[in-house]
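This report looks at charged pairs, a surface patch and a loop residue. Please keep the sequence and the structure in view while reading.

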Amino acid sequence: DAECLPDAEGRLVVDARHLPRIIGAETFEPDIAERLTVGVAMGLGVTSTGGQLLFVEATRSKGVGKLTVTGQLGDVMRESVSTAMSLLRSKIYYAVLA
C-alpha cells in the first residue's frame, strides 16, 4: 500500500502502485460469469454517478416479426434496441439473398 506524498519541491507523482489507495479496492462480482450465458449480452449504462452493468436477455419465439421490449428503458436505450433490430433485419435480408 504505497503512500502518495509530495516530494521536496511539492510535486505529486502518482503511478499504478498508488491506485488501490486512491480509488479503493478493485470490485469483483462473482455472479457476472454465471449470468453470461447464451442469449445474454452485457452492456454498460453510463449515469451521472458513474456506470452500471446491464444484462440484456434475448430469446427467440414464434411471432409476426415484431420486437417486444420489456423493462424500464429510457429513450436512448429504446433507440439502441431499434437500431440493433434494423441491423439484424438488414443482415438477414442480405444473408437470404446470398
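## Terms and model

Helices (H or I, at least four residues) and strands (E, at least two) are DSSP runs, and they are numbered from the N terminus. The model discussed here is predicted.

## Threonine 68

With helices and strands defined, threonine 68 can be placed: it sits in the loop between strand 2 (50-57) and helix 3 (75-97). Is threonine 68 buried or exposed? Its relative accessible area is 66%, and because exposed means over 50%, threonine 68 counts as exposed.

Threonine 68 can also be set against glutamate 9. Along the chain, these two are 59 residues apart. In space, their C-alpha atoms are separated by 62 Å.

## Salt bridges around arginine 11

Side chains of opposite charge can pair when their charged atoms come close. How many salt bridges does a search of the whole structure find? The search finds three.

Arginine 11 takes part in a salt bridge with aspartate 7, with an N to O distance of 3.1 Å. The side chain of arginine 11 also meets that of glutamate 9 in a salt bridge, here at 3.4 Å from N to O. Both distances qualify because the cut-off for a salt bridge is within 4 Å. Asp7, Glu9 and Arg11 are thus linked in a network of salt bridges.

The members of this network can be described by their accessibility. Arginine 11 has a relative accessible area of 49% and is partly exposed. Aspartate 7 is partly exposed too, at 32%. Glutamate 9, with 65%, is exposed.

## The pair of arginine 17 and aspartate 15

Another salt bridge joins arginine 17 to aspartate 15. The closest N and O atoms of this pair are 3.2 Å apart.

Arginine 17 counts as exposed, at 56% relative accessibility. Its partner aspartate 15 has a relative accessible area of 31% and is partly exposed.

## A nonpolar patch

Which residues form a nonpolar patch on the surface? They are Leu12, Val14, Leu19, Ile22 and Ile23. Together they have about 480 Å² of accessible area.

One of the patch residues, leucine 12, lies in the segment before helix 1 (19-23). Leucine 12 has a relative accessible area of 51%. It is classed as exposed because the cut-off is over 50%.

Technical notes
Residues numbered from 1 in each chain as written. Predicted model: local features only at pLDDT ≥ 70, side-chain atom pairs only at ≥ 80, totals over all residues. Heavy atoms only, no water. Buried < 20%, exposed > 50% of the residue type's maximum accessible area, 1.4 Å probe, protein only. Patch = residues over 30% accessible without salt bridge, like charges linked within 9 Å, V, L, I, M, F, W, Y side chains within 5 Å. Areas by Shrake-Rupley, 256 points an atom, 1.4 Å probe, with all protein chains shown as cover.
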